[in-house]
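Let's take a friendly walk through one protein model. Have the sequence and the 3D view open while you read.

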Amino acid sequence: MAPKRQGLPELPPKQLEQEIETVKALSSPTPQRVLVAVRVRPPVIERKNAQKFDKPLGYDPTATCVSYNLNNSAVTIAWPSDAGPPRGQSPAGGASKTAPKEFNFDSVLGYEEGQSSVYEKVVEPLIRKCLEGYNGCVFCYGQTASGKTYTMEGPKRGTSMEIPTDASDKDTGIILRVAAQITKHIAEAKTKKPELEYFVKASYLEIYQEALTDLLVGRDEQGELRIRQDPESTTGRELYISGITERSVSSIQDYVKVLQMGGRHRTVGETNMNEASSRSHAVLTFTIEERRKPSEGMSAEEAEMLAKHGRKRSKIHLIDLAGSERANATGATGDRLKEGSAINQSLSSLGNVINALTTGARHVPYRDSKLTYLLSDSLGGNSLTLMITCITPTLANHDESLSTLRFAERVKKVRNVAKVNVDATMMRIMQMEAEIRELREILSKCTCGARRAAQDAWTMAGGAAGKDASTSMSMKLPWWKRIWKQCTVCVPSKTTSEKMWPNGRVAPVNVARSMPMTETAETVLKSVKGKLTFA
Ligand SMILES: Nc1ncnc2c1ncn2[C@@H]1O[C@H](COP(=O)(O)OP(=O)(O)OP(=O)(O)O)[C@@H](O)[C@H]1O
């Protein structure tokens with residue numbers, strides 16, 4: 001018997017079916033709208049800082065005006081009838097402005113929702129897809145002090161304002177939980193799929209007043225960062241940042257270091273509304289590359305092919321946006337005021353992009369700001385994207401929460417088309433390997449016609465006659481189905497005693513046991529595989 005071919009192990013039928021389905025799913029682009037979750041933080045800050053609302057307002061600014069229903073993911077914002085008139089309105093006027101307004105989202109995360117629950121409900125499923133090869137983006141949007149950094153990183157504690165650095169800490173934010181999910185996935189893959197290896201890199205930048213800063217190096221070591229398009233990417237337009245530092249990360253400690261270093265360099269300042277307010281947009285990017293190791297017995301040509309094409313790459317952006325702010329509420333003057341207006345300016349560009357994307361405008365003004373240009377892959381592009389909208393529930397922030405919810409409702413309409421970032425040649429190889437595995441499975445079960453079927457396959461694939469495979473094969477039927485059709489002994493009556501296998505295929509009815517593959521079949525498979533893979 002011929003020696004077993006390396007790198008093409010026999011798979012049990014169920015696993016085989018799954019693999020074929022996965023390859024098929026991976027090869028087709030997935031239209032997907034941007035997912036929107038709303039997180040309502042508890043009114044902790046307003047209640048702690050109640051004395052800051054020194055002006056008589058005519059209503060209690062710490063009272064709540066937001067309610068939610070977790071069952072139908074609805075958020076309602078209403079000015080309570082007994083609270084007195086809203087800011088700048090007479091008691092009689094503005095009834096329509098104060099009427100309850102209900103919004104529905106993909107998910108609503110209430111006060112009682114801890115960090116791990118937020119992660120499990122909305123982030124974990126998206127990262128799981130990213131680990132299959134899709135690009136992903138999670139960004140937090142909301143007014144200042146609404147809980148964006150808390151959601152992304154966790155609470156800042158103590159005098160040094162340190163964030164949690166233990167992935168299993170109940171307060172740990174999204175970033176380290178993503179890191180834990182990636183490392184767990186890779187550790188499991190190493191045992192389940194030894195033919196694969198993984199490389200993960202992290203980069204971290206901030207956009208401060210329209211300038212890009214590399215957060216993984218000090219101020220004196222900054223190179224020039226530019227947003228560029230990568231012509232070799234899946235879309236040919238994927239963005240990357242030239243000149244940015246990329247650190248290899250493999251253990252949780254590596255990720256913690258990246259987060260801490262970025263945190264040290266990020267621009268944060270105190271305002272009336274937040275003692276540690278982010279004054280910039282921060283973009284942390286993990287690039288995950290899955291490579292196929294060359295297998296034993298591979299020719300130099302095959303190994304070279306694999307090194308060139310055998311890669312799957314996904315990018316995960318985790319973005320903590322700076323919050324919109326009203327100067328009179330933050331008490332900002334001088335630098336803080338300038339920062340606030342730059343933040344509002346770029347958020348307004350983001351609003352314009354969302355408007356253009358959701359109204360079918362011919363031109364989407366991505367290039368109006370660095371933030372929108374960087375987000376262009378994630379909004380309307382090749383990415384699975386989740387926006388976590390952070391709002392505060394108190395009357396003091398009623399207007400901001402309402403406009404944030406209105407913005408979130410528009411974002412919900414943005415459509416992306418996500419595609420697994422696999423080299424096209426590699427995708428073809430994967431499809432064909434799956435087909436070959438299926439064929440081997442069929443042949444191994446054929447008690448009679450393996451030789452004949454294999455011979456037919458060989459003939460159909462061009463075989464001894466040297467004909468071009470595509471001309472000798474039916475354009476409609478995959479070649480293994482042709483073999484199936486021609487196997488007359490194992491399937492004595494295709495009409496009377498048909499038995500269906502999964503996927504609606506007709507099974508041979510008198511297969512009693514698996515037979516070892518004949519030498520001829522093995523030889524044919526080998527030759528066909530060579531043809532198909534590298535044709
Ligand atoms: N879900 C929550 N539970 C408890 N405390 C929270 C929650 N969300 C936010 N906080 C607290 O609220 C304060 C403001 O949160 P945070 O700094 O995350 O806001 P932000 O939206 O990032 O603000 P900015 O835009 O100004 O940077 C912090 O003290 C934070 O610990």
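Below we look at the ligand's surroundings, then at two residues from a database record, and finally at a hairpin.

Keep in mind that this is a predicted model.

So who sits around the ligand? Its shell counts 20 residues, and the closest are Gly 147, Tyr 150, Ser 277, Ser 278 and Gly 323. Three elements each give two or more residues to that shell: α2 (44-48), α5 (148-152) and β14 (277-278). The largest share, three residues, belongs to α5. Sort the shell by chemistry and you get nine nonpolar, nine polar and two charged residues.

Now for the record. An unreviewed UniProt entry lists several residues under "binding site", including Thr 144 and Gly 147. Thr 144 is found in the loop that links β7 (136-142) and α5, and Gly 147 is in the loop between β7 and α5 too. Are these two buried or exposed? A residue counts as buried when 20 or more other C-beta atoms lie within 10 Å of its own, so here is how they do:

| Residue | Other C-beta atoms within 10 Å | Verdict |
|---|---|---|
| Thr 144 | 25 | buried |
| Gly 147 | 23 | buried |

Leaving aside residues up to four places away in sequence, Gly 147 touches Arg 39, Arg 41 and Cys 390.

Last stop: the hairpin. Strands β8 (residues 196-208) and β9 (residues 211-214) run antiparallel and are joined by four bridges. Across from Leu 205 you'll find Asp 214 in β9. Two residues separate β8 and β9, and Gln 209 in the turn has a positive phi of about 50°.

Conventions:
Residues numbered from 1 in each chain as written. Predicted model: local features only at pLDDT ≥ 70, side-chain atom pairs only at ≥ 80, totals over all residues. Pairing = 2+ DSSP bridges. Near = placed C-beta within 6 Å. Nonpolar A, V, L, I, M, F, W, Y, C, P; charged D, E, K, R; others polar. UniProt positions renumbered as here; feature names shortened; annotations may be inferred. Buried ≥ 20, exposed ≤ 12 C-beta atoms within 10 Å, placed from the backbone. Contact = placed C-beta atoms within 7 Å.
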